[in-house]
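Colleague: I've just opened this one and could use a guided tour. Can you take my questions as they come?

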Amino acid sequence: MAELHVMGPYQGPNEKKTAEYLASNLPKDWHVVANRKLPDANNSDVDLWILSPTKLFVIEEKSWGPSLVLGDQRWEIIKKNGTSRESANPLNSVSIKAKIAAGWLRDQIEEYKQVKGLQVLAGVILSHHELI
């Protein structure tokens, strides 16, 4: 079981459930950090940071659905009643956040430069309970 660190209030309807699920199912030497701000000029939100011994995953959690149409730039979220809306592809923004996090680690933490193989990766977790 990973250690869960909650740094601020949960924002979305499934962020807490997702963070707790990950903490319960990841190895004990991993850490799940919920709602940590990025050390950038905008103080950007990161839903989840998942830290393993060799990787930092910068994660955006979305409870969109129950159906999605995924595109490079835009995603269409289709609700149960058939109405839909478009939103920017969250992989694009979370990839930028991961690059900012990697740069901050490299610039601020001397030990980071000496760790071989540590990667910072971006991802999106889709958490809608009826996602198809």
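Modeller: Sure, and one term up front: a residue is called buried under 20% relative accessible area, exposed over 50%, and partly exposed in between. Keep in mind that this is a predicted model.

Colleague: Then let's try that out: is N43 buried, partly exposed or exposed?

Modeller: N43 sits in the loop between β2 and β3. Its relative accessible area is 43%. Buried stops at 20% and exposed starts over 50%, so N43 is partly exposed.

Colleague: What is the phi of N43 near?

Modeller: N43 is a residue other than glycine, yet its phi is positive. The value is near 55°.

Colleague: Let's zoom out. In what order do helices and strands come along the chain?

Modeller: There are three helices and eight strands to place. Going along the sequence, they follow the pattern β-α-β-β-β-β-β-β-α-α-β.

Colleague: And why would you call the chain as compact as a globular protein of that length?

Modeller: For 132 residues, the globule rule gives 14 Å. The chain is close to that, so it is as compact as a globular protein of that length, with a radius of gyration of 16 Å.

Colleague: What size of box do the C-alpha atoms fill?

Modeller: The box is taken along the principal axes. It comes to roughly 50 × 30 × 25 Å.

Colleague: What share of the contacts joins residues at least 24 apart?

Modeller: The count starts with contacts between residues at least 6 apart in sequence. Among those, the share joining residues at least 24 apart is 52%.

Colleague: How much of the accessible surface belongs to carbon and sulfur atoms?

Modeller: The accessible surface of the chain comes to about 7900 Å². The part belonging to carbon and sulfur atoms is 53%.

Colleague: How far apart are the mean positions of the positive and negative charges?

Modeller: The chain has 16 positive and 16 negative charges. Take the mean position of each set, and the two points are apart by 1 Å.

Colleague: Now the strands. Why is β3 described as largely enclosed by the rest of the structure?

Modeller: Strand β3 covers residues 45–51. It has seven residues, and it is largely enclosed by the rest of the structure because the number of them that are buried is five.

Colleague: Which residue stands opposite H31 in β3?

Modeller: Strand β2 (residues 31–37) runs antiparallel to β3, and six bridges join them. In this pairing, H31 faces L51.

Colleague: What about the other partner: which residue in β4 stands opposite I50?

Modeller: β3 and β4 run antiparallel too, joined by four bridges. A hairpin of three residues links them. Opposite I50 in β4 stands F57.

Colleague: Back in β2, is N35 buried or exposed?

Modeller: N35 belongs to strand β2, and its phi is positive, near 60°, although it is a residue other than glycine. Its relative accessibility is 6%. That is under the 20% cut-off, so N35 counts as buried.

Colleague: Which residue in β6 is the bridge partner of V69?

Modeller: β5 (residues 67–70) and β6 (residues 74–78) pair in the antiparallel sense over four bridges. They form a hairpin with three residues between them. Across from V69, the bridge partner is E76.

Colleague: Which residue does a cis peptide bond join to G65?

Modeller: Look in the loop between β4 and β5, where the partner is placed. Omega of the bond is about 20°. The residue joined to G65 is P66.

Colleague: Which residues does S63 touch, away from its sequence neighbours?

Modeller: S63 is found in the loop between β4 (55–62) and β5. It has a relative accessible area of 19%, so it is buried. Not counting residues up to four places away in sequence, S63 touches P13, N14, S127 and H128.

Colleague: Last one: how far apart in space are P90 and V124?

Modeller: P90 is in helix α2 (residues 90–108) and is buried at 4% relative accessibility. Beyond four places in sequence, its contacts are E60, K62, W64, W75 and V124. P90 and V124 are 34 residues apart in sequence, but in space, C-alpha to C-alpha, they are apart by 7.1 Å.

How values were computed. Residues numbered from 1 in each chain as written. Predicted model: local features only at pLDDT ≥ 70, side-chain atom pairs only at ≥ 80, totals over all residues. Heavy atoms only, no water. Pairing = 2+ DSSP bridges. Helix = DSSP H or I, 4+ residues; strand = E, 2+ residues; numbered from the N terminus. Rg over C-alpha atoms; globule rule 2.2 N^0.38 Å. Contact = heavy atoms within 4.5 Å. Areas by Shrake-Rupley, 256 points an atom, 1.4 Å probe, with all protein chains shown as cover. Lys, Arg positive; Asp, Glu negative; His and termini not counted. Charge placed at Lys NZ, Arg CZ, Asp CG, Glu CD. Buried < 20%, exposed > 50% of the residue type's maximum accessible area, 1.4 Å probe, protein only.
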